[in-house]
Structures are given as structure tokens and as C-alpha cells.
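Visitor: I should be grateful for a close look at a single part of this model, followed outward to whatever surrounds that part. Please proceed residue by residue where possible.

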Amino acid sequence: MVNAVKEMDRKYLEKGGVLANVFIDLHANTKEEVEQLGVAIVANMAKEEGIVYAVGKVLEGIENEGVYSTSGEVRVLAESYPALFAFCVKHAPVGVEIYEPNEIRMPPGEAVRVLLNAIALVQGYNKIIMEKVMTAEQYQNYLKSLDRKREVGKRLLETLSGKKNGAGVGSNEREADKSG
């Protein structure tokens with residue numbers, strides 16, 4: 001079994017995968033709730049897109065001032081750094097350690113994907129904040145501006161994906177022109 005896991009790790013790491021540990025902390029009203037929550041969260045982590053496996057250990061719940069807390073350590077094999085990034089954004093662990101690879105390299109398109117995930121996260125938070133502080137009219141105008149941004153982003157992605165050999169996505173087109 002151990003050899004099969006190591007072989008799977010090797011296979012994905014060779015293709016750009018990332019092996020990491022994430023650390024979680026959880027809080028609930030009872031010891032049973034916090035421990036069940038920990039088990040459920042680890043099980044759900046394994047089902048995330050781009051995650052090959054997530055296996056973890058959740059510690060016994062401890063009571064402190066009427067609230068039960070626990071922590072856990074989860075070993076995660078992600079198909080890529082962008083997948084690990086999206087996973088961490090969704091689950092907001094208190095910490096993360098990358099075991100392998102020793103250096104993360106990615107093509108410009110992958111780096112763009114990481115940045116777009118970060119942008120989407122911030123826009124999601126902005127939307128929640130805006131819903132709470134804006135008048136109905138201000139909020140409707142904000143939604144219209146988001147629609148315009150979405151359209152511009154969609155056209156940009158179409159333009160970038162239409163370029164061949166990665167030119168224009170984090171590369172220096174002038175250097176490409178000189179060599180050709």
C-alpha cells in the first residue's frame with residue numbers, strides 16, 4: 001500500500017503535482033460536533049477538483065471557555081500548484097507546508113490561472129461586502145460594472161488562448177520576434 005501511494009505521488013509530481021500538508025483548526029459547541037466536523041471536512045477535501053487525495057488526522061476536541069476546538073493535519077496531493085492554491089483558498093487552512101517539489105515552476109498560463117483564481121476570490125468578497133453596505137441602486141450599478149468586467153475578462157481569455165506557443169502570456173513577444 002505504501003509503495004502504491006509513493007508511486008502515485010511520483011507519477012503526479014513528475015507532471016507538475018504538489019505534495020503538501022495543510023493544517024486546520026475547527027471550533028464547535030460540543031466535543032462530538034468538533035470531531036465530526038473535522039472528519040467531514042477532511043473527507044470533503046478529498047473530493048475537491050484537482051486534488052488526487054487528502055488524508056488527515058484530526059485530534060481529539062478540547063474544551064476551552066465553553067467552546068470545543070480541535071486541529072488537524074492533512075496530507076494533500078494536488079495535480080498542480082493552481083489546484084493547491086484553489087484548495088487553500090476554499091478551505092483557508094491555518095498553515096501549509098509544501099514537501100515536494102523543491103521548486104515550483106509553471107508555464108505563464110498556469111501562473112495566470114493562479115492570479116485569476118485570486119482575483120475571483122477578491123471579487124467574491126467584494127460582492128458580499130458591497131451587498132451589506134450599498135443602497136439597492138448602488139448595488140445594481142455595481143452588478144452592472146461586474147458584468148462589464150466579466151465580458152472584458154472573457155474577451156481577454158479568448159485572446160490569450162488564441163495565441164500560439166504562449167506568446168503574450170507572460171512572455172516577451174519582442175524577444176520572440178528577434179529570434180524569428
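**A helix and its surroundings**

Guide: At the start of helix α3, a side-chain oxygen of Ser-80 comes to within 3.2 Å of the backbone nitrogen of Ala-83. The model is a predicted one, and the helix that begins here spans residues 81–91. Just beyond the other end of α3, Ala-92 adopts a positive phi of about 45°.

Between these two ends, the buried residues of α3 are Pro-82, Ala-83, Leu-84, Phe-87 and Cys-88. Ala-83 thus appears twice in this account: its backbone nitrogen is the atom approached by Ser-80, and the residue itself is buried. The partners against which the buried residues of α3 pack are strands β1, β2, β4 and β5, together with helices α2 and α4. These partners may be taken in turn.

Strand β1 covers residues 18–28, and because eight of its eleven residues are buried, it is largely enclosed by the rest of the structure. This strand pairs with β4 (residues 67–78) through eleven bridges, the two running antiparallel. Within that pairing, Thr-70 of β4 stands opposite Leu-26. Strand β1 also pairs with β5 (residues 95–100), again in the antiparallel sense, over five bridges. Here Val-22 faces Val-96 of β5. Both β4 and β5 are therefore joined to β1 and are also among the elements that receive the buried residues of α3.

Helix α2 covers residues 31–45 and includes Ile-41. With a relative accessibility of 21%, Ile-41 counts as partly exposed, because the buried class ends under 20%. Apart from residues up to four places away in sequence, Ile-41 touches Ile-24 and Leu-26. Leu-26 is the residue already described as standing opposite Thr-70 in β4. The C-alpha atom of Ile-41 is separated by 9.9 Å from that of Val-58, which is 17 residues away along the chain.

Strand β2 comprises residues 51–58, and Val-52 lies in this strand. Val-52 is partly exposed, its relative accessible area being 23%. When neighbours within four places in sequence are set aside, the contacts of Val-52 are Met-8, Tyr-12, Leu-77 and Glu-79. From Val-52 to Val-76 the C-alpha distance is 7.6 Å, although 24 residues separate the two in sequence.

The remaining partner of α3 is helix α4, residues 108–133. This helix leads to the pockets of the model, since α4 and α5 (residues 136–162) each supply at least two residues of the lining of the largest pocket. That pocket holds about 200 Å³ of space. Eleven residues line it, and those closest to its centre are Leu-116, Ile-119, Gly-153, Lys-154 and Leu-157. Helix α5 gives the largest share of this lining, six residues. By character, the lining divides into seven nonpolar, two polar and two charged residues.

The second largest pocket has a volume of about 160 Å³. Its lining consists of Gln-123, Gly-124, Lys-127, Leu-146, Lys-149, Arg-150 and Gly-153. Here too, α4 and α5 are the elements that give two or more residues. The largest share, four residues, comes from α5. This lining is made up of one nonpolar, three polar and three charged residues. Gly-153 is found in the linings of both pockets.

Key
Residues are numbered from 1 along each chain as its sequence is written. This is a predicted model: local features need pLDDT of at least 70, side-chain atom pairs count only at pLDDT 80 or more; totals for chains, interfaces and linings use all residues. Side-chain values use heavy atoms; hydrogens and water are left out. Buried means under 20% relative accessible area, exposed over 50%, partly exposed in between (1.4 Å probe, protein chains only). Two strands pair if DSSP finds at least two bridges between them. Contact means heavy atoms within 4.5 Å. A polar contact is a pair of N or O atoms within 3.5 Å; within protein, one must be able to donate a hydrogen and the other to accept it, and residues adjacent in sequence count only if both atoms are side-chain atoms. On a 1 Å grid over the protein atoms alone, a cavity is a set of points where a 1.4 Å probe fits but cannot get out, and a pocket is an open set with protein on both sides within 12 Å along at least five of seven lines; lining residues have an atom within 4 Å of a point. Grid points are joined across faces, edges and corners, and a volume is the space filled by probe spheres set on the points. Ala, Val, Leu, Ile, Met, Phe, Trp, Tyr, Cys and Pro count as nonpolar, Asp, Glu, Lys and Arg as charged, and the others, Gly among them, as polar.
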